[in-house]
Amino acid sequence: MVRMTTRTYAIEVAGLRKSYGDHQVLAGVDLTVPAGSVYALLGPNGAGKTTAVRILSTLLPADAGAVRVAGHDVRREADRVRASIGVTGQFSAVDELLTGRENLLLMADLGHLDRHRAQLVVGRLLERFDLADAADRRAATYSGGMKRRLDLAMTLVPGPRLIFLDEPTTGLDPRSRRDLWGIVRELVADEVTVFLTTQYLEEADQLADRIGVLDGGRLVAEGTAAELKRLIPGGRVQLQAAGNEQLAQLVSQLPEAIPDAETLTVTLPHDGSLTALRRLLDRIEDDGAVTGLAVHTPDLDDVFLALTGRPTDEPSQEMPV
Amino acid sequence: MSDATYAVRDSATMLRRNLTHMARYPSMTVMLVGQPLLFLLLFVYVFGAAMGASLPGAPAGDRGDYLTYITPGILMMTVASVSIGTAVLVATDMKNGIIDRFRTMPITKPAVLTGHVLGAMIQTALALVALLGVAFLIGLRTGASATQWLGLAGLLVLLSLAMTWFTVALGLASPDPETASNLPMIFVLLPFVGSGFVPVESMPAGLRRFAEHQPFTPIMDAFRGLLAGAPAGPDVLLAVGWCAVIGLTGYLWSRRLYRTRAAS
């Protein structure tokens with residue numbers, strides 16, 4: 001049975017806890033990732049995403065819990081885990097004094113590939129990541145998107161079966177982000193398991209087979225994008241206030257509403273029914289206070305809003321680590 | 001391949017990377033080697049005549065005597081100066097996350113740091129040869145035998161190994177490369193508060209007490225003895241002892257930091 005488990009799941013986490021002093025970053029996380037699938041850990045800054053990746057990739061010891069990656073215990077068999085994984089951190093970990101090709105060859109040497117195979121793999125990755133023209137320039141001269149691509153290519157040199165991507169598209173322009181998504185999809189086609197963290201709901205929706213919503217160190221929901229969307233049947237209603245005064249007025253009348261002072265709007269979870277909409281409108285005393293109304297069908301943003309009581313762009317209470 | 005073969009291969013890979021860094025960032029190498037060289041010329045030609053005259057027991061009491069007197073201090077300073085570069089390189093690796101990348105790979109553990117240490121030792125050796133070359137050109141006189149030269153070389157290698165492991169630890173402990181370049185400055189200045197440039201006997205009581213007992217003094221005294229061709233005294237043993245203490249502290253501290261410290 002144990003063999004079965006190791007083959008079926010690339011990642012098995014049970015009761016994972018981690019604190020820094022009094023500050024609890026992970027408060028008991030359980031999750032499993034089937035081999036060959038994409039799992040997205042979704043959460044705002046400070047939710048504990050990076051800490052989770054650092055523990056799963058053997059960089060940090062956990063305080064408590066069982067963590068098996070690629071069938072091995074991350075503490076007791078760290079080197080076996082390392083032989084199966086590739087990690088792309090939040091910041092491009094490329095050697096800027098080396099050229100793109102040299103960076104990749106460095107990874108090949110450290111991955112103990114023989115010369116011939118190293119040249120082959122490196123050449124192929126340079127082509128695939130659109131870096132062939134810049135291969136012999138120092139990485140210091142690369143743009144942000146190129147560095148990210150090189151970073152990911154470096155992760156792939158030893159041929160890992162499981163890769164961790166910690167916020168792979170943070171700070172990238174939309175085009176580079178789409179390029180990176182394409183690359184992740186190709187990896188999936190090669191049956192590589194991908195564990196990624198992201199603050200972008202769209203990214204999780206686009207790439208992941210399963211999504212875990214992490215908030216305050218806990219998984220507050222888990223499932224496919226469709227399953228998560230089903231958690232709130234109706235999406236949300238957004239009301240446009242006429243001015244600051246009216247915004248304050250709306251907030252006092254609708255305590256569950258989340259105001260946005262910049263756009264002068266309030267957002268409320270909504271189940272999609274006319275009855276609920278009518279009841280909501282009845283609660284607004286002054287019709288002139290509202291200049292516009294929009295009903296949104298649910299997307300992952302709504303899931304996040306409903307699960308955590310906060311929109312996604314607001315950091316959680318926890319301090320970032 | 002066995003674990004030992006991998007350890008050698010990984011260390012060689014990391015060493016190659018560090019040598020490439022030195023070749024591509026020559027201004028740092030020039031600065032680190034140039035600084036002690038500049039001090040040598042400054043002290044010999046600006047202060048040399050005045051200082052030489054007041055050296056106790058110097059035969060002629062001239063510039064040449066002072067050159068002979070300060071060469072050990074300058075050698076010490078050279079080793080310390082190059083080790084600043086190591087601290088900066090290590091801190092840079094920590095800062096940009098590449099050490100984290102290495103730590104998630106199945107690389108033999110000490111290889112990453114060993115690469116830095118070996119690279120720095122090669123750089124130190126080149127710097128020391130250049131420095132001694134200049135010292136001889138401007139008139140260094142020694143009475144050292146071949147055995148004593150070997151002893152001197154051995155002691156310099158040991159010192160360089162010790163200092164480099166210590167500065168690797170400083171580099172790992174530093175929050176950024178700037179701090180890493182400042183912390184080891186103390187080692188460049190320490191020869192002054194020791195027997196490097198003036199005899200400790202000429203210092204006021206409190207300072208003299210420190211100067212006599214700080215680790216660099218016996219090491220510089222041992223260099224001086226070996227260069228002069230004097231029989232190896234207790235200074236050599238004390239020097240080896242201090243190098244062992246500095247090196248072992250640095251090694252254990254580095255190993256611990258490498259395992260535990262997360263990149264900022």
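In this predicted model, the four-stranded sheet of chain A is open and antiparallel, its strands following the order E12-E13-E11-E14. Helices and strands here are DSSP runs (H or I over at least four residues for helices, E over at least two for strands), numbered from the N terminus, and two strands pair if DSSP finds at least two bridges between them. Strand E12 (258-260) and strand E14 (290-296) of chain A sit at the edges with a single partner strand each, so one side of each has no neighbour in the sheet. Ignoring direction, neighbouring strands are turned by 20° against each other on average; axes are lines fitted to C-alpha atoms (for helices, over the stretch in contact), and angles run from 0 to 180 degrees between N-to-C directions.

Inside this sheet, strand E11 (residues 236-241) and strand E13 (residues 265-269) of chain A are joined by five bridges in the antiparallel sense. One spot on this pairing is easy to find: Gln240(A) stands opposite Thr265(A) of E13(A). Thr265(A) counts as partly exposed because 18 other C-beta atoms lie within 10 Å; with C-beta atoms placed from the backbone, 20 or more such neighbours within 10 Å make a residue buried, 12 or fewer make it exposed, and anything in between is partly exposed. Leaving out residues up to four places away in sequence, Thr265(A) touches Gln238(A), Leu239(A), Gln240(A), Ala241(A) and Asp260(A), where contact calls for C-beta atoms, placed from the backbone, within 7 Å. Val251(A) is 14 residues from Thr265(A) along the chain, and their C-alpha atoms are separated by 9.9 Å. Helix H10 (residues 244-253) of chain A lies across E11, E12 and E13, running at about 145° to E11(A).

The other sheet to look at in chain A has six strands, again in an open arrangement, with mixed pairing and the order E6-E7-E8-E3-E9-E10. Its edges are strand E6 (85-88) and strand E10 (218-223) of chain A, each of which pairs on one side only. From one strand to the next, the twist averages 15°. Helix H6 (residues 144-156) of chain A packs on this sheet and touches E6 and strand E7 (162-166), its direction making about 165° with that of E6(A).

At one end of the order, E6(A) and E7(A) run parallel and are joined by four bridges, with Phe164(A) in E7(A) as the bridge partner of Val87(A). In a regular strand, side chains alternate between the two faces of the sheet. In E6(A), Ile85(A) and Val87(A) point one way while Gly86(A) and Thr88(A) point the other way, and all are buried. At the other end, strand E9 (residues 210-215) of chain A runs antiparallel to E10(A), with five bridges between them. Leu214(A) has Leu219(A) in E10(A) as its bridge partner.

Chain A is split into domain 1 (2-229) and domain 2 (232-308), with bounds from an automatic or database domain assignment. The C-alpha centres of the two domains lie 37 Å apart. Where they meet, ten residues of domain 1 are in contact with eight residues of domain 2. On the domain 1 side, helix H8 (201-207), E9, E10 and helix H9 (225-230) of chain A each supply at least two residues. That side divides into seven nonpolar, no polar and three charged residues; Ala, Val, Leu, Ile, Met, Phe, Trp, Tyr, Cys and Pro count as nonpolar, Asp, Glu, Lys and Arg as charged, and the others, Gly among them, as polar.

As for the partner chain, 20 residues of chain A are in contact with 19 residues of chain B. Helix H3 (78-84), E6 and helix H4 (100-110) of chain A each give two or more residues to the chain A side of this contact. That side comprises eleven nonpolar, four polar and five charged residues.

Taken as a whole, chain A has twelve helices and 14 strands, and 42% of its 321 residues count as buried.

Residues are numbered from 1 along each chain as its sequence is written, while chains are lettered from A and ligands numbered from 1 in the order in which they are written. In this predicted model, local features need pLDDT of at least 70 and side-chain atom pairs count only at pLDDT 80 or more, whereas totals for chains, interfaces and linings use all residues.

Technical notes:
Contact = placed C-beta atoms within 7 Å.
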